[in-house]
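Reader: I am new to this one and would like to talk it through with you. Could you show me the structure before I start asking?

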Amino acid sequence: MHDEPTTRLPRGETSGAAVELEGVRRSFGGTPVLDGLDLRITEGAITTVLGPSGTGKSVLLKHIMGLLEPDEGRVRVFDQDIWQLRESERRALRTRFGVLFQDGALFGSMNLFDNVAFPLRRHTQLDEDEIEEKVMARLREVGLESSLGKAPNEISGGMRKRAGFARALIMEPEILLFDEPDSGLDPVRTSLLNDLVLSIHGEQGGTYVLVTHDIHTARKVSDDVGVLHEGRLVHFGPAAEAFDSGDAFVRQFLNGESDGPLGMD
Ligand SMILES: Nc1ncnc2c1ncn2[C@@H]1O[C@H](COP(=O)(O)OP(=O)(O)OP(=O)(O)O)[C@@H](O)[C@H]1O
């Protein structure tokens with residue numbers, strides 16, 4: 001049984017961070033994936049974490065949401081150390097997150113309307129008229145109101161991402177996590193999705209965290225950029241600075257060069 005989390009700030013004071021990771025270590029089968037990672041995600045900002053395939057970007061998102069517990073280190077969400085909370089409090093904290101998974105993670109047996117309505121039907125007492133109003137508003141925002149009766153396999157990859165975005169927004173999350181929103185999309189559709197991310201964030205605010213290996217996405221949408229390599233952030237700061245970094249790995253990765261410390265393995 002836990003008392004009030006010891007790391008919570010005095011009432012009325014906030015750190016301005018939506019999420020903070022401090023010295024987070026996590027291994028799988030003896031192999032370190034996160035190796036003393038520090039990260040501060042500013043409330044209201046769009047933060048992008050870039051890194052090569054298999055560096056632990058998805059593992060990082062799961063730590064941010066409290067789905068994976070670090071072997072060492074702390075994760076604070078809205079100034080609460082989430083592993084000092086009771087399970088019920090942690091579950092309540094997770095409802096403040098929305099997630100857009102790589103493939104949209106839509107239910108194949110449901111049309112788009114029912115996919116977007118699903119969290120409301122499951123987690124709220126709203127009646128069907130109220131649900132319809134909210135779902136239609138979200139589908140309109142992402143330009144899918146005329147496809148509401150379609151199944152996920154009847155629409156394009158870009159439309160599936162947008163439907164996943166609408167579903168991620170439906171519970172009005174304060175923090176929205178995007179796991180490679182651009183994977184599998186061509187450059188034009190990636191750019192259109194990024195425009196949509198920016199316009200919805202501009203209208204509604206909230207804290208967005210994207211993980212991606214697409215530097216164009218990072219350039220376009222980010223306030224802050226972190227670069228993950230070998231379990232740590234080798235760079236973190238305002239987007240403009242990331243692209244001028246003197247670090248050899250950061251420069252190689254962000255400029256897509258074959259020459260540098262990052263090899264084929
Ligand atoms: N539950 C798990 N059990 C064992 N190993 C895991 C688990 N989750 C992740 N890993 C390992 O952690 C490493 C990082 O995986 P992760 O999916 O976070 O990478 P990523 O950067 O998101 O990759 P990609 O860009 O290819 O999606 C991989 O080697 C993966 O096999």
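Reader: Thanks! Which residues are around the ligand?

Author: Happy to help, and please keep in mind that this is a predicted model. The residues around the ligand are Phe-28, Val-33, Gly-51, Ser-53, Gly-54, Thr-55, Gly-56, Lys-57, Ser-58, Val-59 and His-213.

Reader: What makes a residue count as being around the ligand?

Author: The C-beta atom of the residue, placed from the backbone, has to lie within 6 Å of the molecule. Helix H1 (residues 57–64) gives the largest share of this shell, with 3 residues. By class, the shell holds 3 nonpolar, 7 polar and 1 charged residues.

Reader: What makes you call H1 mostly covered?

Author: Of its 8 residues, 6 are buried. These are Lys-57, Val-59, Leu-60, Leu-61, His-63 and Ile-64. For each to be called buried, 20 or more other C-beta atoms must lie within 10 Å of its own. Just after H1 comes Gly-66, with a positive phi of about 75°.

Reader: Let us move to another helix. How do you know that the length of H4 agrees with its number of residues?

Author: Helix H4 (residues 128–141) has 14 residues, and at 1.5 Å a residue they should span 20 Å. The C-alpha atoms at its ends are 20 Å apart, so the two values agree.

Reader: Which residues of H4 are buried, and how do you know that they line one face of the helix?

Author: The buried ones are Val-135, Arg-138 and Leu-139. Viewed down the axis of H4, they fall within an arc of 100°, so they line one face. It helps to recall that an α-helix has 3.6 residues a turn, so residues three or four places apart point the same way.

Reader: What covers that buried side, and what does the face turned away from it carry?

Author: The cover over the buried residues of H4 includes helix H3 (112–123) and helix H5 (157–169). On the face turned away, H4 carries the exposed residues Asp-129, Glu-130 and Glu-133. Following H4 is Gly-143, whose phi is positive, near 75°.

Reader: Now for some loops. Why is Phe-107 called exposed?

Author: Phe-107 has 12 C-beta neighbours inside 10 Å, and a residue is exposed if the number is 12 or fewer. Phe-107 therefore counts as exposed. Its place is the loop between strand S6 (97–100) and H3. Leaving out neighbours within four places in sequence, Phe-107 is in contact with Asn-115 and Phe-118. Phe-107 and Pro-152 are 45 residues apart in sequence, yet their C-alpha atoms are 7.5 Å apart in space.

Reader: And why is Ile-155 called partly exposed?

Author: Within 10 Å, Ile-155 has 17 other C-beta atoms. Exposed needs 12 or fewer and buried needs 20 or more, so a value in between is called partly exposed. Ile-155 sits in the loop between H4 and H5. Residues up to four places away aside, Ile-155 touches Ser-147, Lys-150 and Arg-160. From Ile-155 to Leu-112 the C-alpha distance is 9.7 Å, with their positions 43 residues apart in sequence.

Reader: What is notable about the phi of Glu-172 and of Glu-180?

Author: Most residues other than glycine have a negative phi. Glu-172 has a positive phi near 50°, and Glu-180 has a positive phi of about 45°. Neither Glu-172 nor Glu-180 is a glycine.

Reader: Are these two buried or exposed?

Author: Glu-172 has 10 C-beta neighbours inside 10 Å, so Glu-172 counts as exposed. Glu-180 has 22, so Glu-180 counts as buried. Glu-172 lies in the loop between H5 and strand S7 (175–179), while Glu-180 lies in the loop between S7 and H6.

Reader: Last one: how is the chain divided into domains?

Author: Domain 1 takes 1–96 + 174–265 and domain 2 takes 108–171. Their contact takes 9 residues from domain 1 and 9 residues from domain 2. Helix H6 (residues 187–204) gives the most to the domain 1 side, with 4 residues. That side has 6 nonpolar, 2 polar and 1 charged residues. The C-alpha centres of the two domains lie 26 Å apart.

Key
Residues are numbered from 1 along each chain as its sequence is written. This is a predicted model: local features need pLDDT of at least 70, side-chain atom pairs count only at pLDDT 80 or more; totals for chains, interfaces and linings use all residues. Domain bounds come from an automatic or database domain assignment. Two residues are in contact if their C-beta atoms, placed from the backbone, lie within 7 Å. Helices (H or I, at least four residues) and strands (E, at least two) are DSSP runs, numbered from the N terminus. Ala, Val, Leu, Ile, Met, Phe, Trp, Tyr, Cys and Pro count as nonpolar, Asp, Glu, Lys and Arg as charged, and the others, Gly among them, as polar. The expected span of a helix is 1.5 Å times one less than its number of residues. The arc is that of the directions from the helix axis to the C-beta atoms.
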